[in-house]
Amino acid sequence: MDIFDSFLLEAVINGLLLGGILALLALGLNLIFGVIDVVWICYAEMIMIGMYSVYYLHNVYGWPLWLAFIAAVAIVAVMGVALHQFVVKPVLAAEPINQLLVTGGVLFLLQAAATLVFGVEFRNIGVKLPQLQLGEMYFSFARLVAFLVALAGMIGVYLFLKRSYLGTAIRAISQDRAIMPLMGVNPDRIFLVTSALGGGLAGLAACLLVLQYDIHPAIGLSFGPITFLVCVLGGLGNMVGGFIAAFIFAQFISVGGFFLHSEWGYVLAFVFFIAAMFWRPQGILGGK
Amino acid sequence: MNVLRWALLAALAAAPFSGMGNYPLHLLIMCLLWGFVYTGWAVMGRLGLVSLGHGAFLGIGGYVGVMAWNHWGLSPWLGLPLALALAALVAFVIGYPCFRFKIVGHYFALVTLALSEVTRLVIVALRDQTGGSLGATPRTAMQGAEWSLFALQFPSKLVWFYIVMGCWLAGLWIWTRVDRSMARLALQAISQEEEAAASIGMNVTRLKLSVTLISALMTCFGGVLYAQYQQYVNPETVSGIGISLQMVFGAIAGGMFVRLGPTVGAAFTLLLAEGLRLGVGHDIHGLDTTLYGLMLVLFIIFMPKGILGAAQEAWEKRYPVLLRAN
């Protein structure tokens, strides 16, 4: 019973907190895929841009942190709109392979551009949030905040989709793209709104991640692939499935990383993912 | 056309004797080597199986050979089949559930993307054996000797040129064999309407798996060659997302539906990267890759068939009879 000490419990709870962030990441990606039918492979790189925005506005230009956060969300939301308008829209009618690859090209571009503009140094906004102590266990306050904000963000998006007129139109478009224009919904406008929303969620994730991690041009790679796995396991476009899958993966990373090197946590998560594909290929909540 | 083809091939084979320097010869070798690898990707990529994870197979090829040599003293001649076996196993373990359970399109791309990143993480995590992010160098076998056939280490670029050219030709031959097979037609049908293809008796899983195996083995082979030629492997350059995307873009830029497309793409991307690096220099870190990335995005939007594909289309429009006769 030596394993079940408080350190393991600490890893489990940290995993739970990490799950909130992963769920938020997956939510934005799922929303966009569900509505526009395109995967933003560069999603994590947009978060990286958001993190740099916070850093520059707060640490270089001296904006207050809350204002920098709001600005970062806005910047990434605008980026999302631009990405849709200039990159995704021209290939919407093209072969599926082009839609897949064009955002991959943006990933490459954003990473390289970040290296060019911001340099390869690791940056930190230097905001230290206190550690929480609970018995013998320590938790990062930043993680708890991230978890709660991610949860609130998800509830907000849920209410928006369920209660507002625009949200209803978005859900309708995701169900039948051909019929909705006949009902007086302009798909172009809905796509732009969705892109802005997806970008805004990426910006929100950036604000939460910047409290915990150093910023560098390749940071997107440390959570991009895991977000994709979360989305596929949950069923691409299925937001509830993505939510559950996020917490499963987070446990693998946190507990796996507790016993072994942190890289092995990711590897374990991937092995689990492959096993899960045999078990439920449509995703854990896939109906078909 | 046939005479022209042989003449060009002979010219290529004679190229090293034209008095070119070491650097152009190195570029030529790299063009052919990446041409071979990109062709390997295109074997499956053109059939609707978009893998963003071929960095995994390249990484297995690069690392297994070097690790077997460094740790067990196993000659790369034996490391090569070992690497190929491991690549085949990985391709099977990933491919089987994907194909059996109809994980296609976006799903497939994302799964393979994660695979390439996981391979990189495994290499980094085994840092005690692989040297982690610092990369690894095969132990030299040339104590006094000029070259070693046993260790597959040749300092002469000329030897490597002919080895790589042979592989490249073999790669084109494989591409052609696949292109002319019934399986290619079947896979094309599958990529358009999987259910309909399955309903008339095509074994979807088996067809997809076989073409994936061919593609993975070619890429892995390229990885072994790369490691032996460069005498250095690094997890960032042989595995992970960066190189996986680079392969895809190379093949697309050249035109993945044409036999020589991936090779043209390899030459184009390599010369572009080198040209930008020489022209812009190292001082402005990242400018070359930024321009490179921008061009890739523009390529996919405006010239989705690639350089050679677009050229061929224009040519066909102009001389419709000539090409059909060939």
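A residue counts as buried if 20 or more other C-beta atoms lie within 10 Å of its own, as exposed if 12 or fewer do, and as partly exposed in between, with C-beta atoms placed from the backbone. The model is predicted, so local features need pLDDT of at least 70 and side-chain atom pairs count only at pLDDT 80 or more, while totals for chains, interfaces and linings use all residues. Residues are numbered from 1 along each chain as its sequence is written, and chains are lettered from A and ligands numbered from 1 in the order in which they are written.

**Stop 1: B:Leu245**

Select B:Leu245, which lies in helix H12 of chain B. Helices here are DSSP runs of H or I with at least four residues, and strands are runs of E with at least two, numbered from the N terminus. Is B:Leu245 buried or exposed? B:Leu245 counts as buried because it has 24 C-beta neighbours inside 10 Å. Next, show what B:Leu245 touches: A:Gly104, A:Phe108 and B:Leu52, not counting residues up to four places away in sequence. Two residues are in contact if their C-beta atoms, placed from the backbone, lie within 7 Å. Then add B:Leu74, 171 residues from B:Leu245 along the chain; the two C-alpha atoms are separated by 32 Å.

**Stop 2: H12 and H14 of chain B**

Keep H12(B), residues 241-254, and add H14(B), residues 287-302. Their axes come within 10 Å and cross at roughly 50°. Axes are lines fitted to C-alpha atoms, for helices over the stretch in contact, and angles run from 0 to 180 degrees between N-to-C directions. H12(B) and H14(B) are therefore oblique to each other; angles under 35 degrees count as roughly parallel, over 145 as roughly antiparallel, 65 to 115 as roughly perpendicular and the rest as oblique. H12(B) passes H14(B) in a left-handed crossing. A crossing is left-handed if the near helix is turned anticlockwise from the far one by less than a right angle, and right-handed if clockwise.

Colour B:Phe249, B:Ile252 and B:Ala253 in H12(B), which meet B:Leu296, B:Phe299 and B:Ile300 in H14(B). The residues of this contact are six nonpolar, no polar and no charged. Ala, Val, Leu, Ile, Met, Phe, Trp, Tyr, Cys and Pro count as nonpolar, Asp, Glu, Lys and Arg as charged, and the others, Gly among them, as polar.

**Stop 3: H3 and H4 of chain B**

Move to H3(B), residues 54-72, and H4(B), residues 76-100, which pack at about 145° with their axes 8 Å apart. The crossing of H3(B) and H4(B) is right-handed. Residues to pick out in H3(B) include B:Gly61, B:Val64 and B:Trp69, and those in H4(B) include B:Gly79, B:Leu82 and B:Leu86. This contact divides into 14 nonpolar residues, three polar and no charged.

**Stop 4: where the chains meet**

Show both chains. How many residues does each chain bring to the contact? Chain A brings 38 and chain B 40. On chain A, helices H4 (96-118), H8 (220-234) and H10 (262-279) each supply at least two residues. H4(A) gives the most, with 15 residues. The side of chain A that touches chain B has 31 nonpolar, five polar and two charged residues.

**Stop 5: H2 and H8 of chain A**

Stay with H8(A) and add H2(A): their axes come within 8 Å and cross at roughly 145°. H2(A) passes H8(A) in a right-handed crossing. Among the residues in contact are A:Tyr43, A:Glu45 and A:Met48 of H2(A), and A:Phe223 and A:Thr227 of H8(A). By type, the contact of H2(A) with H8(A) has five nonpolar residues, three polar and one charged.

**Stop 6: the nonpolar core**

Which residues have the most contacts inside the largest nonpolar core? They are A:Leu22, A:Met51, A:Ala205, A:Ala206, A:Leu229 and A:Phe249, in a core of 196 residues. Helix H1 of chain A, residues 6-36, gives the largest share of this core, 15 residues. Such a core is a set of buried Ala, Val, Leu, Ile, Met, Phe, Trp, Tyr and Cys residues joined through C-beta atoms within 7 Å. Select A:Ala205; beyond four places in sequence, A:Ala205 is in contact with A:Ile21, A:Leu24, A:Leu25 and A:Ile47.

**Stop 7: two loop residues**

A:Asp37 sits in the loop between H1 and H2 (43-60) of chain A. Its phi is near 70°, a positive value in a residue other than glycine. A:Asp37 is partly exposed, with 17 other C-beta atoms within 10 Å. In chain B, go to B:Gln231, in the loop between H10 (204-230) and H11 (235-238). Phi of B:Gln231 is near 60°, again positive in a residue other than glycine. B:Gln231 is partly exposed, with 13 other C-beta atoms within 10 Å.
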